[in-house]
Amino acid sequence: MTSVASFFFGLVVALSCLSLQQLASAADPSLLQDFCVADSTSNSNFITVLLNGMACKNPSTVTANDFYFRGLHVAGNTSNAQGSRVTPVFATQLPGLNTLGISMVRIDYAPGGQNAPHTHPRATEILTVLEGSLEVGFVTSNPNNNHFTKTLYKGDVFVFPSNAVHYQRNTNWNAPAVAIAALSSQNPGAITIANAVFGSQPGISADILAKSFSLDVATVNFMQSKF
Ligand SMILES: *[C@@H]1O[C@H](CO)[C@@H](O)[C@H](O)[C@H]1NC(C)=O
């Protein structure tokens, strides 16, 4: 190759690597060390530096308990309007998860209970049913808004791609259901669609929501009053 050709070849390779790297950074960043156990004392009022994640505990003081959480054998309290409860094991609950890009939840469903449509801004979720049966689904992005839905039984596994609006509902009106899910972020976040749209503080203007949902303003005001 001429030096000009090899320069452009190098440029193309460098740009391809850069774009691949940008794709990979859609999830939590990669580790730069074996672990970075979250130092709960670093988030005090005395420290003004805010990090993307949590500061590392001194490795010489790290113990096995930093990588341990006990509690997912306990059923969550589903006495609420949705009839479900998510018990999180994120970096906040399990400090050793800090920077590892992964976490877990237990989800309990009352008979007929649901985990309302929501998205995780930072995570794909893979879910398995431990008890009962669930109607699950997710919707893809605009303009197609394809809806993929399925009924799951004990032992079944379903994946909700990152950012997709998704939900689960216990299809049994006589018995509870239980699921365990893993998420590809130490802190997946959740945006519950109904709360985000009708319950934000301050609220989105009722006339904007009325036009968006083809409703009248009085109906929107009523829906906003529910949140
Ligand atoms: C479950 O939550 C309800 C509603 O907040 C509460 O009244 C009830 O005491 C809770 N039950 C238990 C066992 O904590």
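**Stop 1: helix 3 and helix 4**

Select residues 206–213 and 217–225 in this predicted model. These are helix 3 and helix 4. Look down the contact between them. How do the two helices lie relative to each other: parallel or perpendicular? Their axes make an angle of about 110°. An angle of 65 to 115 degrees counts as roughly perpendicular, so helix 3 and helix 4 fall in that class. The axes are 8 Å apart.

Now show side chains. From helix 3, pick Ala206, Asp207, Leu209 and Ala210. They meet Val217, Val220, Asn221 and Gln224 of helix 4. Colour the residues of this contact by type: 5 are nonpolar, 2 polar and 1 charged.

**Stop 2: the whole chain**

Zoom out and switch to cartoon. The chain has 4 helices and 10 strands. Follow the sequence and the order reads α-β-β-β-β-β-β-β-β-β-β-α-α-α. One helix leads, then comes the run of strands, then the remaining helices.

Colour by accessibility next. Of the 227 residues, 31% count as buried. A contact map is worth a look too. Take the contacts between residues at least 6 apart in sequence: 68% of them join residues at least 24 apart.

**Stop 3: the disulfide**

Select Cys36 and Cys56. A disulfide joins them, with S to S at 2.1 Å. A search of the whole structure finds 1 disulfide. What is its handedness? The torsion about the S-S bond is about -105°, so the disulfide is left-handed.

Where do the two cysteines sit in the chain? Cys36 and Cys56 are 20 residues apart, and each lies in the loop between helix 1 (3–24) and strand 1 (84–89). Add a surface and compare the two ends. Cys36 is buried, at 4% relative accessible area. Cys56 is partly exposed, at 38%.

**Stop 4: Arg106**

Go to strand 2, residues 103–109, and pick Arg106. Is this arginine buried or exposed? Arg106 is buried, because its relative accessible area is 9% and the cut-off for buried is under 20%.

Which backbone atoms lie by its polar side-chain atoms? Draw two distances. The backbone oxygen of Leu72 is 2.7 Å from a polar atom of the Arg106 side chain. The backbone oxygen of His73 is 3.5 Å from a polar atom of that side chain.

Expand the selection to the contacts of Arg106, leaving out residues up to four places away in sequence. Leu72, His73, Val74, Ala75 and Gly76 are among them. So are Arg85, Val86 and Thr87. Val178, Ala179 and Ile180 complete the list.

**Stop 5: Tyr167**

Move to strand 8, residues 165–170, and select Tyr167. Tyr167 counts as buried, at 15% relative accessibility. Which side chain makes a polar contact with Tyr167? Pick Thr149: the two side chains are joined by a polar contact of 3.4 Å.

Next, set a C-alpha distance from Tyr167 to Ala116. The value is 5.4 Å, although the two residues are 51 apart along the chain. Ala116 also touches Tyr167, as do Asn115 and Pro117. Other contacts, again beyond four places in sequence, are Glu135, Val136, Gly137, His147, Thr149 and Phe160.

**Stop 6: backbone oddities**

Turn to the backbone torsions. Most residues other than glycine have a negative phi, and most peptide bonds are trans. The next selections depart from that.

Start in the loop between strand 5 (133–139) and strand 6 (147–153), which holds Pro143. The bond between Asn142 and Pro143 is cis, with omega about 0°. Step along to Asn145, found in the loop between strand 5 and strand 6. Asn145 has a positive phi of about 45° and is not a glycine. At 39% relative accessibility, Asn145 is partly exposed.

Then find Asn163, in the loop between strand 7 (157–160) and strand 8. Its phi is positive as well, about 75°. Asn163 is partly exposed, at 44%.

Finish at the loop between helix 2 (193–198) and helix 3, and select Pro202. The peptide bond from Gln201 to Pro202 is cis, with omega near -10°.

Conventions: Residues are numbered from 1 along each chain as its sequence is written. This is a predicted model: local features need pLDDT of at least 70, side-chain atom pairs count only at pLDDT 80 or more; totals for chains, interfaces and linings use all residues. Side-chain values use heavy atoms; hydrogens and water are left out. Buried means under 20% relative accessible area, exposed over 50%, partly exposed in between (1.4 Å probe, protein chains only). A polar contact is a pair of N or O atoms within 3.5 Å; within protein, one must be able to donate a hydrogen and the other to accept it, and residues adjacent in sequence count only if both atoms are side-chain atoms. Contact means heavy atoms within 4.5 Å. A disulfide is a pair of cysteine sulfur atoms within 2.5 Å. Axes are lines fitted to C-alpha atoms, for helices over the stretch in contact, and angles run from 0 to 180 degrees between N-to-C directions. Angles under 35 degrees count as roughly parallel, over 145 as roughly antiparallel, 65 to 115 as roughly perpendicular and the rest as oblique. Ala, Val, Leu, Ile, Met, Phe, Trp, Tyr, Cys and Pro count as nonpolar, Asp, Glu, Lys and Arg as charged, and the others, Gly among them, as polar.
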